[in-house]
Amino acid sequence: MRFCFIVEEQYRNDPMPLVVADQLLQWGHDVDVLETQAAVTCLSDLTTQGYDAFVLKSLADGPGMSILAAAEAVGIPTINNSRAIRLVRDKAVAAAFGRAHGLPIPPTYFVAHPRLLKQIPAEDYPLVIKPSNGSSCKGIYRLNSPADLAALEIAEADDSFFLAQRYAENTGFDIKVYVTGKEVYAAIAKKSPLHSDVDEKFIPLTPELRKLTLHVGKLFGLDIYGIDVVETPHGLAILDINDFPSFGRVPRAVVRIAEYVLHAAKHAERKRLARMERNRRHSSTGKRNLFLVDSMKS
Ligand SMILES: Nc1ncnc2c1ncn2[C@@H]1O[C@H](COP(=O)(O)OP(=O)(O)O)[C@@H](O)[C@H]1O
Ligand SMILES: [Mg+2]
C-alpha cells in the first residue's frame, strides 16, 4: 500500500510519527514523508497520486491539518480524521462536546484573556488554568481561591486562550491510556504538573477505564489516541484527550500503530471497492430499466 505521512516541523527529530513510517517501509509498503515546512504540496492532483491513506500526528495550529483535510475532502482516508482532530485539539471544543455527551469532564469555562478570570464564581474554585491549545503540561496553574488571582502571572508569550477548569481532586498522579482503534494498550501512572514526583509505572487497566477510553474514541471518532484521566472520590475524571500521542513507554507501540494504519487503510479500500461495485450494479440495472421503458414505448 502507499502512504503519505505528513510530518510537522516540530516532530522532524522526534521518533513519532517517523518510526511508524519506517516500520511500514520495512514491511514493503510505499511511504512518502511530506514535511510541511520544507516542501510545497501540489493540491491539484491529490487523487491521482495513488495514496491509500494520509497519516498525521497533529500539531496545535500546524499546517498539516490543511493538507490532511484537503486529502479527506477528495476522498482519501486519513488517520486520524480531521474532524476528530479538531474536536480534541481545541480543549474548549473537547470539553463542550465531551460534557454534552455525558463524559466525566470537570466543569469548564472558556476564558479569552486572564483578566476575565475574576468573573468566575468563588464556588467554582479550586481551578486549573490551562491554554486551550496547550500540550506537554505547559502553562498549567492551580488557583485555590479568587485571592490567588492577584499572584497569577501567565507568561505574556502565551499567545492563546484559556480554560478555567474545576480542579479534580485526585490521587496525586495522572493516568495515561493509549489506544489504536479498539485496542487499549496501557495505563501508565505519570507525574502531574500540579503534584510531586511519582514513579512512572504501569497500572491495571480496569474494565471501567477501558470502557471509558473506548467510549471517548467512538464519540470523537478517533483512531490513534490517548486520554489523561485521574481517579477522584466520585470516579474517573477525564482531563485531556490527545490525537496520536507519543505512546512513550507502551510496549511494541510502533508495530501496533503501523499495524493499525495498515488495517485502517485496507478497511477503507474494501469499503471503497464495495461502494464502486454497488454503483456499478445500480447503474447497470438503471440502464436495463431504461431499455425496458424504451422498448415498451415502441
Ligand atoms: N481539572 C484538572 N484537575 C486536576 N488536574 C488537572 C486538571 N486539568 C489539568 N490538570 C493537570 O495538568 C496536566 C496537564 O493538563 P492537560 O489538560 O492534560 O494539558 P496538556 O495538553 O498540557 O497535557 C494534567 O495531566 C493534570 O495533571
Ligand atoms: Mg495532557
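Helices, as H or I runs of at least four residues, and strands, as E runs of at least two, are taken from DSSP and numbered from the N terminus. The exercises below concern a predicted model.

**Exercise 1.** Work out which strands supply at least two residues each to the shell around ligand 1, and where ligand 1 lies with respect to the domains.

*Solution.* Begin with the shell itself, in which 20 residues surround ligand 1, the closest being Val 128, Gln 165, Ala 168, Ser 192 and Asp 240. Next, look for the strands: strand 6 (127-131), strand 8 (162-166) and strand 13 (235-243) each contribute at least two residues to this shell. Then sort the shell by class, which gives nine nonpolar, five polar and six charged residues. Finally, turn to the domains: because domain 2 (81-104 + 169-243) and domain 3 (107-167) both give residues to the shell, ligand 1 lies between them.

**Exercise 2.** Describe how the protein chain is divided into domains, and how many residues domain 2 and domain 3 bring to their contact.

*Solution.* The protein chain is divided into domain 1 (2-80 + 252-270), domain 2 (81-104 + 169-243) and domain 3 (107-167). Taken over C-alpha atoms, the centres of domain 2 and domain 3 are separated by 21 Å. Their contact takes seven residues from domain 2 and 10 residues from domain 3. On the side of domain 2 that touches domain 3, the largest share, three residues, comes from helix 4. By class, the residues of that side of domain 2 are four nonpolar, no polar and three charged.

**Exercise 3.** Decide whether helix 3 (residues 82-89) is mostly covered or mostly uncovered, and find what its buried residues pack against.

*Solution.* Six of the eight residues of helix 3 are buried, and the helix is mostly covered. The buried ones are Ser 82, Ala 84, Ile 85, Leu 87, Val 88 and Arg 89. These buried residues pack against helix 2 (64-73), strand 4 (78-79), helix 4 (91-100), helix 5 (207-220) and strand 13.

**Exercise 4.** Explain why the buried residues of helix 1 lie on the same side of the helix.

*Solution.* In helix 1 (residues 18-26), the buried residues include Val 20, Ala 21 and Leu 24. They cover an arc of only 100° around the axis, which puts them on the same side of helix 1. As background, an α-helix has 3.6 residues a turn, so residues three or four places apart point the same way. Following helix 1 comes Gly 28, whose phi is positive, near 95°.

**Exercise 5.** Determine whether Cys 137 is buried, partly exposed or exposed.

*Solution.* First locate Cys 137, which is found in the loop between strand 6 and strand 7 (141-143). Then count its neighbours: Cys 137 has 15 other C-beta atoms within 10 Å and is therefore partly exposed, since a buried residue needs 20 or more and an exposed one has 12 or fewer.

How values were computed: Residues are numbered from 1 along each chain as its sequence is written. Chains are lettered from A and ligands numbered from 1 in the order in which they are written. This is a predicted model: local features need pLDDT of at least 70, side-chain atom pairs count only at pLDDT 80 or more; totals for chains, interfaces and linings use all residues. A residue is near a molecule or strand if its C-beta atom, placed from the backbone, lies within 6 Å of it. Ala, Val, Leu, Ile, Met, Phe, Trp, Tyr, Cys and Pro count as nonpolar, Asp, Glu, Lys and Arg as charged, and the others, Gly among them, as polar. Domain bounds come from an automatic or database domain assignment. Two residues are in contact if their C-beta atoms, placed from the backbone, lie within 7 Å. The arc is that of the directions from the helix axis to the C-beta atoms.
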